[in-house]
Amino acid sequence: MSRVYLSPPDVGPLERQMLLEAFDSNWIAPVGPDIDAFESELANRVGVDHAVAVSSGTAALHLALLAIGVGPGNEVLVPSFTFMATAAAVTYLGATPVFVDCTAGNWTVDPALVAEAIAERSRQGRRFAAVITVDLYGQAVDYDELVPQCETAGVPLVADAAEALGATYRGAPVGSLGLAGVFSFNGNKIITTSGGGMLVSDDGALAARVRYLATQARQPVVHYEHTEVGFNYRLSNLLAALGRAQLLGLDDRITRRRRINERYRAGLSDLDGLTFMPVADYGEPNWWLTCVLIDPDRFGADREAVRLALEREDIESRPTWKPLHLQPAFDGLPLIGNGFCADIFERGLCLPSGSAMSESDLGRVIDAVRKVGPGGGAG
Ligand SMILES: Cc1ncc(COP(=O)(O)O)c(C=O)c1O
């Protein structure tokens with residue numbers, strides 16, 4: 001039996017073919033027709049006017065914030081319950097992340113806390129340089145109030161949709177709400193280019209500035225002319241070809257991840273002390289990862305015991321994100337909120353959810369969880 005990974009790449013003959021076609025075309029560079037096509041196909045999918053392909057989701061976040069004008073001394077509101085990259089991009093610019101808690105209802109950022117924080121800054125005559133939302137584990141944030149709140153306060157909203165390509169909010173594609181959206185094509189995401197990212201926006205000037213900054217801030221003249229310092233952040237044309245093939249299979253991958261979630265619910269919902277990440281009724285997730293909460297008293301084992309039991313069966317699972325306000329790298333930075341995300345971290349586990357996962361591997365995971373759970377007798 002082979003190891004079951006959390007969310008491995010899911011590639012096939014089309015990916016191989018398009019990658020080799022790009023190779024044979026000799027556009028083996030961070031420029032080429034597959035980059036142009038990948039950008040327009042992804043913009044089309046997300047329903048925005050512009051997309052800029054870059055080397056990672058982190059790079060896209062970094063340049064989105066830089067293009068907005070975030071700089072030293074600024075504060076940026078960031079959900080605490082996310083991957084490090086969301087806040088790292090803020091610190092690259094010398095700005096300070098201000099962490100905010102999530103809701104129990106769907107684990108994404110709490111719009112009421114965001115509103116309070118914006119209002120409090122405004123009373124002090126201050127303003128956040130940006131608000132970043134995170135469409136967590138493939139589920140959209142509740143944008144209804146957030147978007148107008150940010151607009152009224154004049155605070156740009158950047159949607160970190162790294163995990164959520166293909167998800168929707170009230171019918172609108174995730175990434176299209178706010179001033180700019182960011183996607184990741186890291187190896188574990190719903191579609192991958194091995195590594196890569198995309199900035200999307202309806203704001204042509206913002207997208208053009210990000211494209212320019214990602215290309216060493218090179219002026220459009222024949223010789224190499226630079227009036228400011230930029231970054232070498234463009235995506236390779238080879239990887240864009242891979243991304244185009246993956247994008248063609250996005251809907252299929254969403255369907256398969258949704259079925260995995262349904263299968264886990266069918267196989268585990270009866271276990272006392274095990275609950276699933278809530279799904280909000282305002283949208284359709286892309287079901288990137290299926291996550292559960294373990295209540296040790298009722299389940300009879302804690303999250304770590306479940307993780308280790310899976311590991312013994314050669315199954316990879318991961319604790320949910322460790323909140324950023326608890327990370328040593330951000331020691332001393334406070335949290336706005338009641339610490340709900342810290343509770344999820346104590347009890348949360350992400351289960352294997354790869355779109356190529358077989359029925360028998362799903363059965364293995366379900367059996368292994370049941371064995372350690374109530375009445376399972378694993379001790
Ligand atoms: C929420 C979130 N933001 C940002 C990133 C960074 O993306 P990348 O790994 O492509 O830099 C990731 C994942 O890796 C992520 O999960």
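## Helix packing around α13

Helix axes are lines fitted to C-alpha atoms over the stretch in contact, and the angle between two of them runs from 0 to 180 degrees between N-to-C directions. In this predicted model, helix α9 (residues 250–268) packs against α13 at an angle of about 35°, and the two axes lie 10 Å apart. The crossing of α9 and α13 is right-handed. On the α9 side the contact is formed by Ile260, Arg263, Tyr264, Gly267 and Leu268, which meet Glu359, Leu362, Gly363, Val365, Ile366, Val369 and Arg370 of α13. By class, the residues of this α9–α13 contact comprise seven nonpolar, two polar and three charged.

Helix α13 (residues 359–372) also packs with helix α11 (residues 303–312), here at an angle of about 135° and with the axes 9 Å apart. The pair α11 and α13 is therefore oblique. Its crossing is right-handed. Ala305, Val306, Ala309 and Leu310 of α11 make the contact with Val365, Ala368, Val369 and Val372 of α13. The residues of the α11–α13 contact divide into eight nonpolar, no polar and no charged. Val365 and Val369 of α13 are listed in the contact with α9 and in the contact with α11.

## Nonpolar cores

In soluble globular proteins, nonpolar side chains tend to be buried together. The largest nonpolar core of this model has 63 residues, and the members that touch the most others are Leu42, Trp107, Tyr137, Tyr143, Leu165, Phe183 and Met198. Helix α2 (residues 33–46) supplies the largest share of this core, with five residues. A separate core of 34 residues includes Ala59, Ala89, Ala180 and Leu324.

Tryptophan 107 illustrates the contacts of a residue in the largest core. Beyond its neighbours within four places in sequence, tryptophan 107 is in contact with Phe81, Cys102, Leu136, Tyr137, Met277, Pro278, Cys291, Leu293, Thr320, Phe340 and Ile344.

## Buried positions: Val54, Thr320 and Cys341

Valine 54 belongs to strand β1 (residues 50–54). Its relative accessible area is 0%, so valine 54 is buried, the limit being under 20%. Not counting residues up to four places away in sequence, valine 54 touches Ala59, Ala60, Gly196, Gly197, Met198, Ala214, Tyr233, Arg234 and Leu235. For one of these partners, methionine 198, the sequence separation from valine 54 is 144 residues, while the C-alpha to C-alpha distance is 5.7 Å.

Threonine 320 sits in the loop between β13 (318–319) and β14 (335–336). With a relative accessible area of 2%, threonine 320 is buried. Outside the residues up to four places away in sequence, threonine 320 touches Phe81, Trp107, Tyr137, Cys291, Arg303, Ile344, Phe345, Gly348, Leu349 and Cys350.

Cysteine 341 is part of helix α12 (residues 340–347) and is buried at 0% relative accessibility. Apart from its neighbours within four places in sequence, cysteine 341 is in contact with Ser80, Phe81, Asp101, Cys102, Pro323 and His325. Phe81 is thus named among the contacts of cysteine 341, of threonine 320 and of tryptophan 107. Isoleucine 28 lies 313 residues from cysteine 341 in sequence and 43 Å from it in space, C-alpha to C-alpha.

## An exposed helix position: Leu248

Leucine 248 is placed in helix α8 (residues 237–248). Is this leucine buried or exposed? Its relative accessible area is 65%, so leucine 248 is exposed, the limit being over 50%. Leaving out residues up to four places away in sequence, leucine 248 touches Leu14 and Met18. The C-alpha atoms of leucine 248 and glutamate 41 are separated by 9.3 Å, although the two residues are 207 residues apart along the chain.

## Positive phi in loops

Most residues other than glycine have a negative phi. Asparagine 26, which is not a glycine, has a positive phi of about 70°. Asparagine 26 is in the loop between α1 (13–24) and α2, and at 61% relative accessibility it is exposed.

Aspartate 314 likewise has a positive phi, near 65°, and is a residue other than glycine. Its location is the loop between α11 and β13. With a relative accessible area of 31%, aspartate 314 is partly exposed.

How values were computed
Residues are numbered from 1 along each chain as its sequence is written. This is a predicted model: local features need pLDDT of at least 70, side-chain atom pairs count only at pLDDT 80 or more; totals for chains, interfaces and linings use all residues. Side-chain values use heavy atoms; hydrogens and water are left out. Helices (H or I, at least four residues) and strands (E, at least two) are DSSP runs, numbered from the N terminus. Angles under 35 degrees count as roughly parallel, over 145 as roughly antiparallel, 65 to 115 as roughly perpendicular and the rest as oblique. A crossing is left-handed if the near helix is turned anticlockwise from the far one by less than a right angle, and right-handed if clockwise. Contact means heavy atoms within 4.5 Å. Ala, Val, Leu, Ile, Met, Phe, Trp, Tyr, Cys and Pro count as nonpolar, Asp, Glu, Lys and Arg as charged, and the others, Gly among them, as polar. A nonpolar core is a set of buried Ala, Val, Leu, Ile, Met, Phe, Trp, Tyr and Cys residues joined through side-chain atoms within 4.5 Å. Buried means under 20% relative accessible area, exposed over 50%, partly exposed in between (1.4 Å probe, protein chains only).
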